[in-house]
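Trainee: I should like to go through the terms applied to this structure and ask what justifies each of them.

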Amino acid sequence: MSEVDIPSIPYLGQKTDEITIYAGPCSVESAEQFDEVAQCIKDLGLRWVRGGAFKPRTNPHSFQGLGEEALKIMKDAGERYGLLTLTEVMDSAHCELVHSYVDGLQVGARNFQNFSLLKKIGQVTADSHKMVLYKRGFAGSISEWLAACDYISDCGNDNIVLCERGIRTFETATRFTLDIAAVPVIHKQSLYPVCIDVSHPAGQRDLVPSLAKAAVAAGADSLMIEVHPNPPVALSDGPQQLTPAQFRQLVGELRELAEVLGKKVV
């Protein structure tokens, strides 16, 4: 019996010939720091700048972010350079505030199954349909991840991008283990576009380019890459952040790879 060709189904919100890059520092530390990264992103012809305003940290004594001041810095830079802005929402109480400043709201790995937060984000973005970038928890299965999306979409917003950021395994050579197979699996099981955060699973900046290229080759719809003007003095996650010069080189290499696949990096 011969096999039947099944036509592919486009993903929600996906432009199949584009790979979007969400780039920026782990944390917004100052207007000068964020401005330098935003300028680099603009010069490369990219569309999104991201940064942390409220930072969920394992150690309560670590830098927790600048809060609303960071949101103001992001909004100002976004308007000045014509960039869309993305930041993480940690708490249901912050949803309206964050929504009023940025173009995209991120759900971090630690809030993977914070269902009250997911519902609140869905409600707050129901009218604006701003993008929600929803990260996988480091111990969450793909089926749990996909099921939890309904907490957002059932409240009125299906503009969701699923972000694979590595899972916790027995391996210690990298910060997390990047589940690159999540890209084709999610494309097979859902209509949502897939982002790969290549910085967190690497944990080391010299590994980031290889993971980014693997993500493009695997068919990722977007990448998240952390960039900092001076990583050694970063207030959070310095070892995994690229310098602007390293980022420019990587974007050039990714564009060459994407062209082979009939895509473009934006």
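Mentor: Let us begin with a helix pair, bearing in mind that the model is predicted. The axes of helix α5 (residues 142-153) and α6 come within 11 Å and cross at roughly 45°.

Trainee: Why are α5 and α6 called oblique to each other?

Mentor: Angles under 35 degrees count as roughly parallel, and 65 to 115 as roughly perpendicular. The crossing of α5 and α6 is at roughly 45°, which belongs to neither range, and the pair is therefore oblique. The crossing of α5 past α6 is right-handed.

Trainee: Which residues make this contact, and how do they divide by class?

Mentor: From α5 come Ile142, Trp145 and Leu146, which meet Ala182, Val185, Ile186 and Gln189 of α6. Six of these residues are nonpolar, one is polar and none is charged.

Trainee: What makes α1 and α2 roughly parallel?

Mentor: Helix α1 (residues 31-43) packs against helix α2 (residues 68-81) at an angle of about 30°, and their axes are 10 Å apart. Since the limit for roughly parallel is under 35 degrees, the angle of about 30° makes α1 roughly parallel to α2. The crossing is right-handed. On the α1 side the contact involves Ala31, Phe34, Asp35, Ala38, Gln39 and Lys42, and on the α2 side Ile73, Met74, Ala77, Arg80 and Tyr81. In terms of class, seven residues are nonpolar, one is polar and three are charged.

Trainee: How do you know which term applies to α1 and α9?

Mentor: Their angle is about 20°, with the axes 11 Å apart. This value also satisfies the cut-off of under 35 degrees, and α1 and α9 are therefore roughly parallel to each other. Again the crossing is right-handed. Here Glu36, Cys40 and Ile41 of α1 meet Pro244, Phe247 and Arg248 of α9; four of the residues are nonpolar, none is polar and two are charged.

Trainee: Let us turn to single residues. Is Leu71 of helix α2 buried or exposed, and how do you know?

Mentor: Buried means under 20% relative accessible area. Leu71 has 0% relative accessibility, so Leu71 counts as buried. Beyond its neighbours within four places in sequence, Leu71 is in contact with Ala53, Phe54, Thr87, Leu97, Val98, Tyr101 and Val102.

Trainee: What is the corresponding argument for Thr85?

Mentor: Thr85, in strand β3 (residues 84-88), has a relative accessible area of 2% and is therefore buried. With residues up to four places away in sequence set aside, Thr85 touches Trp48, Val49, Met74, Gly78, Tyr101, Val102, Asp103 and Gly104.

Trainee: Why is His129 called partly exposed?

Mentor: The term covers values between the buried limit of 20% and the exposed limit of 50%. At 36% relative accessibility, His129 lies between those limits and so counts as partly exposed. His129 belongs to the loop between α4 (115-124) and β5 (131-135).

Trainee: What makes the backbone of His129 noteworthy?

Mentor: Most residues other than glycine have a negative phi. His129 is not a glycine, yet its phi is positive, at about 55°. Asp237, in the loop between β8 (222-226) and α9 (244-260), likewise has a positive phi, near 55°.

Trainee: How many residues has the largest nonpolar core, and which have the most contacts inside it?

Mentor: That core has 67 residues, and those with the most contacts inside it are Ile21, Tyr134, Leu162, Leu223, Ile225, Phe247 and Leu254. Apart from it lies another core, of nine residues, including Leu86, Leu133, Val161 and Met224. As for Ile225, its contacts beyond four places in sequence include Ile21, Val198, Val208, Leu242, Phe247, Leu250 and Leu254.

Trainee: Finally, how do you know that Asp179 meets residues distant in sequence?

Mentor: Asp179 is in the loop between β6 (160-164) and α6 (182-189). Asp179 and Arg136 are 43 residues apart along the chain, and their C-alpha atoms are separated by 10 Å. Contact is judged by heavy atoms within 4.5 Å, and on that basis Asp179 touches Arg136, Ile142, Glu164 and Ile167, not counting residues up to four places away in sequence.

Conventions. Residues numbered from 1 in each chain as written. Predicted model: local features only at pLDDT ≥ 70, side-chain atom pairs only at ≥ 80, totals over all residues. Heavy atoms only, no water. Axes fitted to C-alpha atoms, helices over the stretch in contact; angles between N-to-C directions. Helix = DSSP H or I, 4+ residues; strand = E, 2+ residues; numbered from the N terminus. Parallel < 35°, antiparallel > 145°, perpendicular 65-115°, else oblique. Left-handed = near helix turned anticlockwise from the far one by under 90°. Nonpolar A, V, L, I, M, F, W, Y, C, P; charged D, E, K, R; others polar. Buried < 20%, exposed > 50% of the residue type's maximum accessible area, 1.4 Å probe, protein only. Core = buried A, V, L, I, M, F, W, Y, C linked by side-chain atoms within 4.5 Å.
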